[in-house]
Amino acid sequence: MDQNNWPKDVGIVAIEVYFPSQYVDQSELETFDGASTGKYTIGLGQSKMGFCSDREDINSLCLTVVQTLIEKNNISYNDIGRLEVGTETIIDKSKSVKTVLMQLFETSGNHDIEGIDTTNACFGGTSALFNAINWIESSSWDGRYAMVVAGDIAVYATGNARCTGGAGAVAMLLGPNAPLVFHRGVRSIYMQHAYDFYKPDLSSEYPVVDGKLSVQCYVNALDKCYHMYKSKAKKMGISDNKSLVDSIDSFIFHSPYCKLVQKSFARLMLNDFWDDPDPDFTNRYYGLEKYRDVTPENSIFNKDLEKDFMSSSQDLFEKKTKPSLLLANQVGNMYTSSVYGGLVSYILSHTLEELQGKRIVLFSYGSGLASAMFSLHFTKEDKMISALQQLKDNVSHVKSYLEKRTKCSPETFSQMMKLREETHNSAPYTPVQSTDHLFPGTWYLTEIDSKHRRTYKRKQTVPNGNICEEETQVAKGIR
């Protein structure tokens, strides 16, 4: 396939993340739930969980992250030719979140924008991303940027899964001559029918989850994608080592909870171990000889194997994957935006000099199931360093915003979850929670009328430092 006529260095030009301004501490939630000490914090690897009150929904999250990205990068709304949203947080069975976002483009007069919403559990954002890349590399491209938004509110019914919730949104601006470039020819996909996690009850935000099957599906998809990616990467010259783990600077995973990510990295090492015709039992694989003949099917719930490979891969995990877990640890599972929150965390954890030339592999997973493994590299060209610096500056606020959040007690968190449950799909409805805790620049819900049409306002900072509010038009037709 001739790639010479395709746009050069298609990738991420800018990235922005939004997460809720309030959280619950996981250690306190353990006590409140009557769970054993360390079950959430050590067993799952979670510290805090962000959550939304009745003031925020999927529309407000996406409005916030899109407008913030546009403003920070001084981009004209007319420069966007494609906008697609990946989400599984459905508040309307017909009207897309993308059409709600078109309110932001109204004054610019730009209505010529391709894309709608894409849905399949936590994979929707990645599918939207692939669609955007395909558009830029196609005859349909008109030379403008594509924008992808991945956002969700992850909530669970009272019980042992509630602690794995979270919320957030990531917006990415895509185009040629980018500082973070997608690799061509290595994208690896694995899809299969499974009822591991799904949402058949449209009157509820809560999913139906088969926990054991969900882990099995995730791990199996990871194995399949990794084998396909390794083969393609070798053909494309991205990897020439028998161990891909040694060739790549970082591996970033979809993160339902952080401990699963650590287990997943160990799984990559296990796959390399199986693929190695002459494993070094005196060094990397010391003490692992007994697992040589274990089959993939029999390995998924083998606790001894899992523990030993996590131990053997610990140092590499600390170097190559743990830096991507800041938001996952502090905010929780952001569903479609989870893996891209990992990308943001990775950027935050490195200096500009450290990022240059780094190659990273991302694994995206959505229940049901759909999964993919793909890779990117950060530019090291002198002429692009300023663009890389801008990419990094875009998310420089994240750590300070994490510190500025409002801590809520488990009792308050539980009450807010009960309120969301009781008012889900209610119309008319006026939100009752305060907006005082919201970050400047946050869009929030003010009203749902009798026809289920939603109205939003934006909390923003004016030059004198005071907070003012700007009302947008009614989002008509959201039923």
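# Reading a predicted model: a tutorial

Tutor: Let us open with one residue: Glu-16 has a relative accessible area of 2% and is therefore buried. Buried means under 20% relative accessible area, exposed means over 50%, and partly exposed lies in between, with a 1.4 Å probe and protein chains only.

Student: On what footing do such values stand?

Tutor: This is a predicted model, in which local features need pLDDT of at least 70 and side-chain atom pairs count only at pLDDT 80 or more, whereas totals for chains, interfaces and linings use all residues. Residues are numbered from 1 along each chain as its sequence is written, and side-chain values use heavy atoms, with hydrogens and water left out.

Student: What is the mean pLDDT of the chain, and over which residues does pLDDT stay under 50?

Tutor: pLDDT is the predictor's confidence in each residue, from 0 to 100. Here the chain has a mean of 94, with 95% of its residues at 70 or more. Over residues 462–479 the value stays under 50, and the model has 54 contacts beyond four places in sequence for that stretch. Contact means heavy atoms within 4.5 Å.

Student: How many salt bridges does the structure hold?

Tutor: A salt bridge is a side-chain nitrogen of Lys or Arg within 4 Å of a carboxyl oxygen of Asp or Glu. The structure holds 22 of them. One joins Glu-16 to Lys-72, with the closest N and O atoms 3.0 Å apart. This pair links distant parts of the chain, 56 residues apart: Glu-16 belongs to strand E1 (residues 11–18) and Lys-72 to helix H2 (residues 58–72). Helices (H or I, at least four residues) and strands (E, at least two) are DSSP runs, numbered from the N terminus. Unlike buried Glu-16, Lys-72 is partly exposed at 33%.

Student: Which residue meets Lys-230 in a salt bridge?

Tutor: Its partner is Asp-272, at 2.8 Å from N to O. Because Lys-230 lies in helix H5 (residues 211–235) and Asp-272 in helix H7 (residues 258–275), the pair ties together parts 42 residues apart in sequence. Both residues are buried. By contrast, Lys-322 and Glu-318, bridged at 3.6 Å, are partly exposed, with 45% for Lys-322 and 35% for Glu-318. Salt bridges also link Arg-82, Glu-84 and Glu-114 in a network.

Student: Which residues touch the most other members of the largest nonpolar core?

Tutor: A nonpolar core is a set of buried Ala, Val, Leu, Ile, Met, Phe, Trp, Tyr and Cys residues joined through side-chain atoms within 4.5 Å. The largest has 132 residues, and those touching the most other members are Ile-12, Ile-15, Val-149, Leu-174, Phe-251 and Phe-378. Beyond four places in sequence, the contacts of Leu-174 include Ile-12, Leu-129, Ile-136 and Phe-182. Another core, of twelve residues, lies apart from the largest one and includes Ala-266, Leu-270, Phe-273 and Tyr-291.

Student: At roughly what angle do the axes of helices H1 and H16 cross?

Tutor: Two packed helices are described by the angle between their axes and the distance between the axes. Axes are lines fitted to C-alpha atoms, for helices over the stretch in contact, and angles run from 0 to 180 degrees between N-to-C directions. The axes of H1 (residues 26–33) and H16 (residues 410–423) come within 9 Å and cross at roughly 75 degrees. Angles under 35 degrees count as roughly parallel, over 145 as roughly antiparallel, 65 to 115 as roughly perpendicular and the rest as oblique; H1 and H16 are therefore roughly perpendicular. Glu-28, Leu-29 and Phe-32 of H1 make the contact with Pro-410, Glu-411, Phe-413 and Ser-414 of H16.
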